[in-house]
Amino acid sequence: MSRSSVVPWWISWYTHRPLSEFELHSPWWVSGYSEDGDGRGLTIIVAAVLAGSEEEAWAEVLGAFDEPRSDSDIKRRFCDEQPLGAMVADSIFGDRWPKAEWMAWSPQDGITCACGCERSAR
Ligand SMILES: [Zn+2]
């Protein structure tokens, strides 16, 4: 996937999986909690990802779990394509979505993480 073919997405989902099973190399936050129809606790997560399509964005999310996961492990809330110019780092990090040390975000350069992985700033 070439960097020029990806665009930013705001993506959000519910999951009953523990956060310890999850490592997404793109800024993400717990935005709240809910429960499913059986009373099981759900975590609501929102993330900024770069992907070539909505399905690729969901594939990023599913691929962030330690073990292969499927749509039965996440319940999709939304996945909204964003204009590149509206998704500069200064606009996504703030009081509501604070910038953690490992987070980086530069859609123009394809950088989504500062942890030392391939998506990091070099
Ligand atoms: Zn990383």
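Tutor: Two strands pair if DSSP finds at least two bridges between them, and strands (E, at least two residues), like helices (H or I, at least four), are DSSP runs numbered from the N terminus. This is a predicted model, in which local features need pLDDT of at least 70 and side-chain atom pairs count only at pLDDT 80 or more, while totals for chains, interfaces and linings use all residues. Residues are numbered from 1 along each chain as its sequence is written.

Student: How do you know that S2 and S3 pair, and in which sense?

Tutor: Strand S2 (residues 28–35) and S3 share seven bridges, and the cut-off is at least two, so they count as paired; the sense is antiparallel. In one of these bridges Val30 has Ile45 of S3 as its partner. The two strands form a hairpin with five residues between them, and Gly39 in the turn has a positive phi of about 80 degrees.

Student: What makes S2 and S4 the edge strands?

Tutor: The open sheet has four strands in the order S2-S3-S1-S4, with antiparallel pairing, and S2 and strand S4 (74–81) each pair on one side only. S4 is joined to S1 by seven bridges, again antiparallel, and Trp9 stands opposite Glu81 in S4.

Student: How is confidence distributed over the protein?

Tutor: The pLDDT (the predictor's confidence in each residue, from 0 to 100) averages 89, and 95% of the residues score at least 70. Strand S3 (residues 41–51) has the highest mean, 96, whereas helix H2 (residues 89–92) has the lowest, 80.

Student: Why is Val6 called buried, exposed or partly exposed?

Tutor: A residue is buried if 20 or more other C-beta atoms, placed from the backbone, lie within 10 Å of its own, exposed if 12 or fewer, and partly exposed in between. Val6 has 19 C-beta neighbours inside 10 Å and therefore counts as partly exposed. Val6 lies in the segment before S1, and its C-alpha is 4.3 Å from that of Gly52, although the two are 46 residues apart in sequence.

Student: Which elements give two or more residues to the largest nonpolar core?

Tutor: Such a core is a set of buried Ala, Val, Leu, Ile, Met, Phe, Trp, Tyr and Cys residues joined through C-beta atoms within 7 Å. Here the largest has 17 residues, and those touching the most other members include Trp9, Ile11 and Ala57. The contributing elements are strand S1 (7–15), S3, helix H1 (54–62) and strand S5 (103–106), with S3 giving the most, six residues.

Student: What does Ile11 touch?

Tutor: Leaving out residues up to four places away in sequence, Ile11 touches Ala47, Val49, Ala57, Val61 and Cys79, where contact requires C-beta atoms, placed from the backbone, within 7 Å.

How values were computed:
Two residues are in contact if their C-beta atoms, placed from the backbone, lie within 7 Å.
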